[in-house]
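Colleague: Please take a close look at one part of this model, the ligand sites of the first chain, and then set them in their surroundings.

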Amino acid sequence: MSEGDHNTGSEEPQEAPGLNRRHFLKYLGFGAIGAAPLPILPSLLRKTLDQKTVRSNGAPALAPNGQIRQWTMIIDLRYCDGCQSQGTPPQCTTACIEGHFSPEPMEWIEVYEAELPGDGTQFIPTPCQQCQNPPCVNVCPVAATFSTPEGTVLIDQNRCIGCRICMAACPYDRRFFNWGSPPVPPEALLADYSAEHQVPAKKGTVMKCDFCPDMARAGTLPYCVQGCPNDAIYYGDLEEDIATNGEEVVSASRLLSQNQAYRLKEDLNTKPRVYYIPGHGEAVGRDAFTEGRQPTEWPWIERAKGAREWKR
Amino acid sequence: MEAVGTWRERLEQTALAPVVNTSRWYYLWVAFLLAVLAWGLYAYSVQLRDGLIVTGMRDRISWGLYITTFVFFIGISHAGTLISAILRVTQAGWRTPVTRMAEFITAVSLACGAMFVIIDLGRPDRLLNVIIHGRWQSPIVWDVVAITTYLTASLMYLFLPMIPDLALFRDRLPGKVPRWKLWIYRIFSVGWVGNNSQRRSMASAIALMMLLIIPIAVSVHTVVSWIFAMTLREPWNSTIFGAFFVAGAIFSGIAVLIILMAVLRKVYHLEEYITEKHFKYLGFLMTAMAMIMIYGNLSEFITVGYKLEGEGEFHFEQLFLGQFAGFYWYYFIGGLIVPCLLTLLPWTRNIRGVVLAAVLVTVAMWIERYFIVVAGLRVPLMPYEPASYTPTWVEWSVMAGGFALFALLITIFVKVFPILSVWEIAEEHESAEQSPAPAPLVPEAVAAPAGGG
Amino acid sequence: MKTISIITVVTVMAIAIAGLGSAGTANAAHVVAEITAPAVLEVGQPSELQVALLSEDLALADTVVTAYTDVSFAGVVGQIELGTLTTDASGMAVFEYEPRQASSHEIRIEFLAPGDTEPTVATTTVSVSGASQLFQSTAGVQIPGLNVWLIIAIVSSVWFLLFTVGWRVFAIASAGPAVRGVTS
Ligand code: SF4
Ligand code: SF4
Ligand code: SF4
């Protein structure tokens, strides 16, 4: 019982008996078997389960001579009065809700009322900022939220696992979760789902403004742009350097430069694709001290039968 | 040699006792835990049916009790690493009676913690997506990798030093315990007879593991903190988070270990092996960690508070004076300062005092996780009214179920596996016997427990 | 760069209707605008668009000239401004023009000749070729060697070590008496 006891030291890390060359090779073999699954297993699983890797609808939108469109949005706050003059809820929000059947209480483009120096307020319609350095895409564990070649950020609700780390990561509060069965009207359930047009909404997944690339590819403008009665929202293509609010066409770079455009929280370096021209609705006659806007409505809420609503 | 023989006999009897004798209280306790667990399961089934709408979480405060509990459990899993790996590396001889318990806590709390992430998912049915479509860039995937590695490593680290004890059980228990238990001992003692080559293999395996498990454990809690620190939220956007979470993890791990030690000592009469000395030493370790935590708090909040950049002001208001002030000050005073005093002042430096300190710390560390998560999310990002969060009965029930599961697994573990590392205690005892000086580097005459059978 | 001048001479009948009322100043000034552009324009290549204003063979200085190009986007047809400049002493205004779209573009300039109340308009057509992607948005700093493979390498080595430990369990099992583990 005593012989050989001198080398049983369990406290001796440097003495690793058996780690000679032959053993080492054997271990190496085992290690290789152990480590190999790390990169290979997921791809094998992907193959066997026949999971598609392309999640947006079709190829990226191209300009007439083949460059990839680089969608952008320019919101001219001089023209945005929060639809005070209309006496309605913000029409961009309403149009987006109607176009996407977005479940209550999601406002993919939310019109925030922000304080101005001197106590007046301004209205800031805020869609997803389509960051080029998107914190939400960076953290998503399954690439359910992803950047497209067109510079937008989409969410594949068929892949999202609902971990909500992207909601924690988005510095603009622009992501929404389907906490329960989404309250949507029956017709929404008939739509063909695509990440570019997130209808119907899916329980337990994240949603947000998708920038309407399907509309733009078809040659029309996003619902929110069409909905704005004051033509305050421009949608455009930075590649062609062009933007329109549905009334006039402008050079995006000129519009931005000549009007001191800015981006929200520029200092975070998220590089948004949504730009703002400072203002408080003065161009459509709003006084900076006229506060308040109508609350957003979801027109079909009675028809969404059985669904439980929730508040933000 | 005769004295050693009876001493050993007594030790083995103590280690065998929990497996052989089962009291009525044990069944009552298990029944209670099962009831809580069943209630938690029912609550979870409600959540599965209706979605996360049954929780108090909403878009603005989108994480709550579940993530808090996840971080808490992963934190206490550091008990095992610290006690058994660090103390083993530093050859602190007094560790031997408590290592096994610490390793139990590690394995069980890791499993429970990982479970809470899955509970928190909106689509648990798509869990496999993390493997199929996993992205190495995501902190969640880092967590999955780190926690899987840590769980594997800590199971191995629990298992390796247990082999000789399992062999002891295999040899001593036939006829006294049900067949399935014997079967477990036979399989898991992997034919241990304690010959030299076996002991060499085990020694080298343990040596490798104890070195490996420390960086793994540190990495685990670092990447858990990075789930928060990789975002642009004001209170989370901090470089100290990794270190802070690791310190907090070890801190709460020691506290939970002290509590478990006290309970098992009482229930299974381990007074001879787990003495006041152990409580004091662990109390000192806990105090050292508390001081690191106090330092971390000062370092973080003074640098941020001096400048109050961005939303810092709002956060300070809610943390120190507003909604979370009660939590914060309980944590800082009741969870950091008072436990330090309890373990340092001579008239409370006893088992009672240390256990009380440990309870305070455990609660405080859960609360700290809570306000890190919830207060962090409450800071408004855009011009809107700060949201509020009230956990619902579903969340409380699921959480209670989680804690019940934790306790249940520990209870069952204790019933099946040796709670004391018999061979290590014997080894330590014998070496202390032969040389009163601190434990030698290479202990003489390692006992081969199975050999006696 | 080989350039062929395309000279568009526009004779303008700036007959200001309002001007008729005020006798003497209603002279229809003969202002000639010459637009010079490179014959071959490349998408994304900044080039110069020269406008020379001559009023009865004399350079027309200090006149504000605006250049436009026709566009259509998302079903909306319109024109975008290329810039607004003032002619120098030799009657010249040089526009920086960077075409972003290949096709033939109509460039239009407008200016208000002295004494006129209606702007004078002149047009030319340029053809633009090429299709290179101009707008790049990149984020991040690439540090060589710091990538996903590094993570994979670290994780693999940790698992390799775990396997070596696992292997020792087999070593323990095989070193014991084989029968004992199974039958006793
Ligand atoms: S909630 Fe969905 S989209 Fe967001 S990070 Fe998780 S998996 Fe990705
Ligand atoms: S605004 Fe938020 S959701 Fe949109 S791309 Fe940026 S980080 Fe993502
Ligand atoms: S771009 Fe489309 S999705 Fe985004 S706010 Fe406008 S309408 Fe809604």
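Modeller: I begin with ligand 1, which is surrounded by 14 residues, the closest being Cys140(A), Cys160(A), Cys163(A), Arg164(A) and Cys166(A). By class, that shell has 10 nonpolar, 2 polar and 2 charged residues. Cysteine is counted as nonpolar in this division. The model is a predicted one, and every value here is computed from it.

Ligand 2 comes next. Around it stand Cys128(A), Gln129(A), Gln130(A), Cys131(A), Pro135(A), Cys136(A), Val153(A), Cys170(A), Pro171(A), Tyr172(A), Arg175(A) and Lys208(A). The class count for ligand 2 is 8 nonpolar, 2 polar and 2 charged residues.

For ligand 3, the surrounding residues include the cysteines Cys96(A), Cys209(A), Cys212(A) and Cys224(A). The rest of the shell of ligand 3 is made up of Met73(A), His100(A), Trp108(A), Ile109(A), Asp210(A), Phe211(A), Pro222(A) and Tyr223(A). Sorted by class, the shell of ligand 3 holds 10 nonpolar residues, 1 polar and 1 charged. Two helices of chain A, helix 3 (91–100) and helix 7 (223–227), each supply at least two residues of this shell.

Helix 3 of chain A deserves a further look. Of its 10 residues, 8 are buried, so helix 3 of chain A is largely enclosed by the rest of the structure. The buried residues are Cys92(A), Thr93(A), Thr94(A), Ala95(A), Cys96(A), Ile97(A), Gly99(A) and His100(A). Among these, Cys96(A) and His100(A) are buried and also belong to the shell around ligand 3. The cover over the buried residues of helix 3 includes strand 2 (110–115), strand 3 (121–126), helix 7 and strand 8 (233–237) of chain A. Helix 7 is thus named twice: it is part of that cover, and it supplies residues to the shell of ligand 3. Just after helix 3 of chain A, Phe101(A) takes a positive phi of about 50 degrees.

Strand 8 leads on to the sheet. In chain A, 5 strands form an open sheet of mixed pairing, in the order 10-9-8-1-11. Its edge strands are strand 10 (249–250) and strand 11 (274–277) of chain A, each of which pairs on one side only. Strand 9 (residues 242–244) of chain A runs antiparallel to strand 10 of chain A and is joined to it by 2 bridges. Within that pair, Ala243(A) stands opposite Val250(A) in strand 10 of chain A.

As for the chain as a whole, chain A has 8 helices and 11 strands. Of its 312 residues, 58% count as buried. Among contacts in chain A between residues at least 6 apart in sequence, 67% join residues at least 24 apart.

One helix pair in another chain can be added. Helix 4 (residues 78–89) and helix 11 (residues 241–268) of chain B pack at an angle of about 85 degrees, with their axes 7 Å apart. That angle makes helix 4 of chain B roughly perpendicular to helix 11 of chain B. On the side of helix 4 of chain B, the contact is made by His78(B), Ala79(B), Leu82(B) and Ile83(B). Helix 11 of chain B contributes Ala249(B), Ile250(B), Gly253(B), Ile254(B) and Leu257(B). The residues of this contact between helix 4 and helix 11 of chain B divide into 7 nonpolar, 2 polar and no charged.

Conventions:
Residues numbered from 1 in each chain as written. Chains lettered and ligands numbered in written order. Predicted model: local features only at pLDDT ≥ 70, side-chain atom pairs only at ≥ 80, totals over all residues. Heavy atoms only, no water. Pairing = 2+ DSSP bridges. Helix = DSSP H or I, 4+ residues; strand = E, 2+ residues; numbered from the N terminus. Near = heavy atom within 4 Å. Axes fitted to C-alpha atoms, helices over the stretch in contact; angles between N-to-C directions. Parallel < 35°, antiparallel > 145°, perpendicular 65-115°, else oblique. Contact = heavy atoms within 4.5 Å. Buried < 20%, exposed > 50% of the residue type's maximum accessible area, 1.4 Å probe, protein only.
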